[in-house]
Amino acid sequence: MIAIVIPYYKIGFFEETLESLANQTDKRFKVYIGDDDSSENPTDLLNKYKGKFDFVFHRFESNLGGTSLIRQWERCIALSGNEEWIMILGDDDVLGNNVVESFYNQYIEFNELCNVVRFASVVLNEQDHTISKMYEHPRLEKGIDFFIRKLRWETRSSLSEYFFKRKVYLKYHFKDYPSGFYSDDRAWIDFSEDKLIYTINESVVTIRISDSSLSGTADKDVLKQAEYLYLKYFYENKLSFLLKKNRLFVLKKIEFYYYFSHTVNCKSWFYLYTKYWSNFDIRELYRFHKRILLKILES
């Protein structure tokens, strides 16, 4: 059985999300909706979908999403039962009609092999216009390879496209990065453990980017801070899993965060210097020293 968890806050596109659940060709799932003390009451809308699929609605008396999206996700997950697999679906995202069916059709292939399953995706704007190609993925992929592909802008990813096993969620939980940015990306690597991520490209999840969504109104400073924390974790804990060129790529991303945030100092210079030396590449060392010199001259 699947638990589809919806952290609810905005009603604007919520009916399309509910309609996509009602249209599933396989109804072997249960939906848990956690209202984050929203001013937009969805009760009347939900009444239209009684009997169309199995759902539970709970309104929380305090807002958590404003201070920690991760804590809101987790208290919504806590509403669910003992379903083996969990999906967190945005209140403005849409499942293709055969998402659940394709999951069960391929269940035997991935259940023992993987802890994380993802779907192909496409991005939609608030006018219902598709603004991206359809993103597909390798059928099987190491989490660390996904990390690099996403970092190099070779793919996209967001929370609603994934199913994950409850047991690995309970083991790792989500890391609380600023505004939840990169928390889901980090989770897929943690949750997959030493197993592969399995992709179902035959079904599509539609992700909406709008002026009312967090992705559409992201604060650049907050986004960069979250990216830095995410990258620093991998650089300090997962280096042995990265090729040298990717280690240097991650290090350069960290270096440019220091420039962006104006936090570069003697300590950060030393940190960067030792890391560049430990991953010796004469061209990168030359470029690094050149950047140091330019920064010194600028100041």
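Okay, let's start with a pair of charged residues: Lys253 and Glu227 meet through their side chains in a salt bridge, 3.2 Å from N to O. Lys253 sits in helix α10 and Glu227 in helix α9, so this pair ties together parts that are 26 residues apart in sequence. Before I go on, keep in mind that what you're looking at is a predicted model.

Why would two side chains like that end up together? Well, side chains of opposite charge can pair when their charged atoms come close.

Now, are these two partners buried or exposed, or something in between? Lys253 has 22% relative accessibility, so it counts as partly exposed. Glu227 is at 10%, and because the cut-off for buried is under 20%, Glu227 counts as buried.

Let's stay with α10 and look at another lysine. Lys252 and Glu284 also meet in a salt bridge, this time at 3.1 Å, N to O. Here the partner Glu284 is in helix α12, while Lys252 is in α10, so the pair ties together parts that are 32 residues apart in sequence. Lys252 is partly exposed, with a relative accessible area of 24%, and Glu284 is buried, with 12%. Elsewhere, Glu16, Asp128 and Arg208 are joined into one network by salt bridges that share partners.

So what does helix α10 itself look like? It runs over residues 244–261, which makes 18 residues. At 1.5 Å a residue you'd expect a span of 26 Å, and the end C-alpha atoms are indeed 26 Å apart, so the two agree. Just after the helix, His262 takes a positive phi of about 55°.

Which residues of α10 are buried? They are Asn246, Arg247, Leu248, Val250, Leu251, Ile254, Glu255, Tyr257, Tyr258 and Tyr259. A handy thing to remember when you read a list like that: an α-helix has 3.6 residues a turn, so residues three or four places apart point the same way. And what do the buried residues of α10 pack against? They pack against α6 (143–151), α9 (220–237), α11 (266–278) and α12 (282–298).

Let me zoom in on one of those neighbours. α9 and α10 pack at an angle of about 145°, with their axes 10 Å apart, and their crossing is left-handed. On the α9 side, the residues making the contact include Lys220, Tyr228, Leu231 and Tyr235. On the α10 side, they include Arg247, Val250, Ile254 and Tyr257. Our opening pair, Glu227 and Lys253, is part of this contact too.

Okay, on to the inside. In soluble globular proteins, nonpolar side chains tend to be buried together. Here the largest nonpolar core has 50 residues, and the ones touching the most other members are Phe147, Phe164, Phe174, Trp188, Phe191 and Val250. You've met Val250 already, as a buried residue of α10. There's also a second, separate core of 33 residues, which includes Leu45, Met87, Leu89 and Cys114.

Take Phe164 as an example. Leaving out residues up to four places away in sequence, Phe164 touches Ile77, Glu84, Trp85, Ile86, Ile88, Asn115, Tyr169, Phe174, Trp188 and Phe191.

Ile77 takes us to helix α3, where the buried residues are Ile70, Gln72, Trp73, Arg75, Cys76 and Ile77. These pack against β1 (2–8), β2, β4 (85–88), β8 (162–165), α7 (166–172) and α8 (183–192).

Notice the arginine in there. The structure holds 22 salt bridges, and one of them is between the side chains of Asp36 and Arg75, at 2.7 Å, N to O. Asp36 lies in the loop between β2 (29–35) and α2 (43–47), and Arg75 in α3 (residues 69–77), so this pair ties together parts that are 39 residues apart in sequence. Both Asp36 and Arg75 are buried.

Last, two residues to compare by eye. Val99 is found in helix α4 (residues 99–105), and at 0% relative accessibility it counts as buried. Apart from residues up to four places away in sequence, Val99 touches Gln24, Phe119, Phe163, Ser203, Val204 and Val205. Val99 and Ile200 are 101 residues apart in sequence, yet 8.7 Å apart in space, C-alpha to C-alpha.

Then there's Lys267, in helix α11. At 70% relative accessibility, Lys267 counts as exposed. How far is Lys267 from Ser157, 110 residues away along the chain? Their C-alpha atoms are separated by 34 Å.

Notes
Residues numbered from 1 in each chain as written. Predicted model: local features only at pLDDT ≥ 70, side-chain atom pairs only at ≥ 80, totals over all residues. Heavy atoms only, no water. Core = buried A, V, L, I, M, F, W, Y, C linked by side-chain atoms within 4.5 Å. Buried < 20%, exposed > 50% of the residue type's maximum accessible area, 1.4 Å probe, protein only. Contact = heavy atoms within 4.5 Å. Helix = DSSP H or I, 4+ residues; strand = E, 2+ residues; numbered from the N terminus. Expected span 1.5 Å × (residues − 1). Salt bridge = Lys/Arg side-chain N within 4 Å of Asp/Glu carboxyl O. Axes fitted to C-alpha atoms, helices over the stretch in contact; angles between N-to-C directions. Left-handed = near helix turned anticlockwise from the far one by under 90°.
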